[in-house]
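Colleague: I am new to this structure and would like a close look at a single part of it, taken slowly. Could you walk me through the sheet and what surrounds it?

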Amino acid sequence: MTAAASGLRRVDLCGLEEVPAGTMKLCEVGDDLVLVVNLNGQLHATQGVCSHEYFELDKGFLTGESITCALHLSRFSLADGEPLDPPAELPLVVYPVIVEGGRVLIEVPPGSLEVSR
Ligand code: FES
């Protein structure tokens with residue numbers, strides 16, 4: 001089923017070359033921010049700000065298969081966004097990623113991005 005047929009839209013975040021393996025990049029989608037992470041060639045996308053307080057996650061660090069928020073050091077799984085340490089309790093929203101034509105895209109419902117805060 002195509003994205004249009006499923007009611008989802010594809011949002012172009014950045015070029016694949018902008019996120020080399022082992023790095024992350026914060027991308028703007030309207031008023032929202034999305035964090036793109038390249039974990040050993042596997043692309044992940046999560047909400048760009050922490051679910052605990054407003055803090056941009058690209059200021060944090062990649063820690064294995066998780067990202068650590070630099071403000072209070074909660075780690076979040078990149079697979080499902082679940083917090084692995086306090087103080088964060090809410091998971092990060094994780095968006096499905098598609099890599100196509102050298103671009104990194106997410107496939108999401110129309111309207112504002114889902115974000116947990
Ligand atoms: S703002 Fe991220 S853990 Fe507090």
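**The open sheet and its surroundings**

Modeller: A good place to begin is G30, which counts as exposed because it has 9 C-beta neighbours inside 10 Å, where 12 or fewer is the limit for that label. Please keep in mind throughout that this is a predicted model. G30 has its place in the loop between β2 and β3, and its C-alpha atom is separated by 9.9 Å from that of G111, although the two residues are 81 apart along the chain.

From that loop we can turn to the sheet itself, an open one of four strands in the order β2-β3-β4-β8, with antiparallel pairing. The edges are taken by β2 (24-29) and β8 (94-95), and since each of these has a single partner strand, one side of each is left without a neighbour in the sheet. As a general matter, the strands of a sheet pair through backbone hydrogen bonds, either parallel or antiparallel.

Within this sheet, strand β3, residues 32-39, and strand β4, residues 42-47, are paired in the antiparallel sense over six bridges. To follow that pairing in the picture, you can look for V34, whose bridge partner in β4 is Q47, and then for N38, which stands opposite L43 in β4. The two strands form a hairpin with two residues between them, and N40, in the turn, has a positive phi of about 55°. On to the next pairing: β4 and β8 run antiparallel and are joined by two bridges, with A45 standing opposite Y95 in β8.

Some of these residues also belong to the largest nonpolar core, which has 22 residues; those touching the most other members are L13, V34, L35, V36, A45 and I106. To this core β2, β3 and β10 (103-108) each supply at least two residues. L13 is worth following in detail, for, leaving aside its neighbours within four places in sequence, L13 is in contact with C27, V34, V36, A45, V104, L105 and I106.

That list leads us finally to β10, which pairs with strand β9, residues 97-100, in the antiparallel sense over four bridges; here V99 has V104 in β10 as its bridge partner. β9 and β10 also form a hairpin with two residues between them, and in its turn G101 has a positive phi of about 55°.

Definitions and conventions: Residues are numbered from 1 along each chain as its sequence is written. This is a predicted model: local features need pLDDT of at least 70, side-chain atom pairs count only at pLDDT 80 or more; totals for chains, interfaces and linings use all residues. Two strands pair if DSSP finds at least two bridges between them. A nonpolar core is a set of buried Ala, Val, Leu, Ile, Met, Phe, Trp, Tyr and Cys residues joined through C-beta atoms within 7 Å. A residue is buried if 20 or more other C-beta atoms lie within 10 Å of its own, exposed if 12 or fewer, and partly exposed in between; C-beta atoms are placed from the backbone. Two residues are in contact if their C-beta atoms, placed from the backbone, lie within 7 Å.
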